[in-house]
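Trainee: I would like to go through the ligand site and the pockets, term by term. Please give the reason behind each label.

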Amino acid sequence: MTLYIVPTPIGNLEDITLRALRVLKSVTLIAAEDTRTTRFLLKHFEISTPLTSYHEHNKLTKLDAIFAALASGDVALVSDAGTPGINDPGYELIREAVARGIRVEPLPGANAALCALVASGLPTDGFVYLGFLPKKDKARAEFLAQVADEPRTLILYESPNRLVEALAALQAALGDRPACVAREITKLHEEFQRGRLSEIAAHYQQTPPRGEIVIVVGGAPPVVVETWDEDRVRAALRARLDAGEPLKLAAKALAAETGWDRRSIYGLGLELAQDDSES
Ligand code: SAM
């Protein structure tokens, strides 16, 4: 039997897929984060499949009942909105299904993080999804320090009442980087604020945000190493060799500082040694 992971709309009911509707109709049970929310969705699409709750507080105790259902039929997992398992219940059930050799079939569909990323105008070739920022100042600062050097685009979820504070914390930890705040994606008041973190923070200080929010922040800019001229490299190398540092280590250390590659510095070192032996 199969456990289907079924994304549901994050605001616009048209974003349910034809396949999601077919699967939700055909399974014997739907495990839902909030049965009331899912009942509303099912009613809209005239689906009458039985529901059971699967949420943060029963995600371990409910496993037996869901696996009992999976013994004789297919089960669909849904959350309140978007893709189950992405900052929503799902992981423990999916992990256990995999461990028990049950087929797990994911359906593609709505997800706030990816919508925000692709509309942000920031690089999409690599990104790091970080979920919600910690709420407390110290934990948030420690969390952000870990990603300060990350060169890929960062994606975070945040609540509207902490947005301005979060943008300030991001600026303090990462610098005033380009960013995008995506708000109410797929809904009536959908909005994308793009600019530096400080500019977006100033905007939302003026106009306190409402609704659901994703923050996308550009990755750490590449460290630009100024390339030294040859005389400067020679002098630095000479100083290290005179201090007794082996050529191999000196070349490695200087390669990191000078913009020169290690082999060229090594070659210079050999020239210096030859000059010394000839003088
Ligand atoms: N599973 C969901 C997904 O796939 O995106 C995420 C669930 S998480 C509990 C809810 C958070 O996702 C919100 O607080 C917000 O940060 C983000 N989110 C969900 N829907 C959104 C929307 N329509 N616009 C902007 N952010 C949204």
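Trainee: What makes the pair between D88 and the ligand a polar contact?

Mentor: In this predicted model, a side-chain N or O atom of D88 is 2.8 Å from a nitrogen atom of the ligand. A polar contact is a pair of N or O atoms within 3.5 Å, so this pair counts.

Trainee: Why is the pair between Y157 and the ligand given the label of polar contact?

Mentor: A polar side-chain atom of Y157 is 2.7 Å from an oxygen atom of the ligand. The cut-off is 3.5 Å, so the pair qualifies.

Trainee: Which part of I185 meets a nitrogen atom of the ligand?

Mentor: The backbone: one of the N or O atoms there lies 2.9 Å from that nitrogen. On its own the ligand has 570 Å² of accessible area, and the protein covers 89% of this.

Trainee: What makes a residue count as being around the ligand?

Mentor: It needs a heavy atom within 4 Å of the ligand. There are 19 such residues, and I86, D88, N111, Y157 and I213 come nearest.

Trainee: How do you know which residues line the largest pocket?

Mentor: A lining residue has an atom within 4 Å of a pocket point. That gives 29 residues, with A81, D88, F132, Y157 and E212 closest to the centre. The elements giving two or more residues to this lining are β7 (153–158), β8 (178–183) and β10 (213–217). The pocket holds about 550 Å³ of space.

Trainee: Which domains supply the lining of the largest pocket?

Mentor: Domain 1 (2–106) and domain 2 (112–217) each give at least three residues. By class, the lining has 12 nonpolar, eight polar and nine charged residues.

Trainee: What is the volume of the second largest pocket?

Mentor: About 190 Å³. Its lining has 14 residues, and P9, G11, T37, D80 and A81 are the closest to its centre.

Conventions: Residues are numbered from 1 along each chain as its sequence is written. This is a predicted model: local features need pLDDT of at least 70, side-chain atom pairs count only at pLDDT 80 or more; totals for chains, interfaces and linings use all residues. Side-chain values use heavy atoms; hydrogens and water are left out. On a 1 Å grid over the protein atoms alone, a cavity is a set of points where a 1.4 Å probe fits but cannot get out, and a pocket is an open set with protein on both sides within 12 Å along at least five of seven lines; lining residues have an atom within 4 Å of a point. Grid points are joined across faces, edges and corners, and a volume is the space filled by probe spheres set on the points. Helices (H or I, at least four residues) and strands (E, at least two) are DSSP runs, numbered from the N terminus. Ala, Val, Leu, Ile, Met, Phe, Trp, Tyr, Cys and Pro count as nonpolar, Asp, Glu, Lys and Arg as charged, and the others, Gly among them, as polar. Domain bounds come from an automatic or database domain assignment. A polar contact is a pair of N or O atoms within 3.5 Å; within protein, one must be able to donate a hydrogen and the other to accept it, and residues adjacent in sequence count only if both atoms are side-chain atoms. Accessible areas come from the Shrake-Rupley method with a 1.4 Å probe; for residues, only the protein chains shown count as cover.
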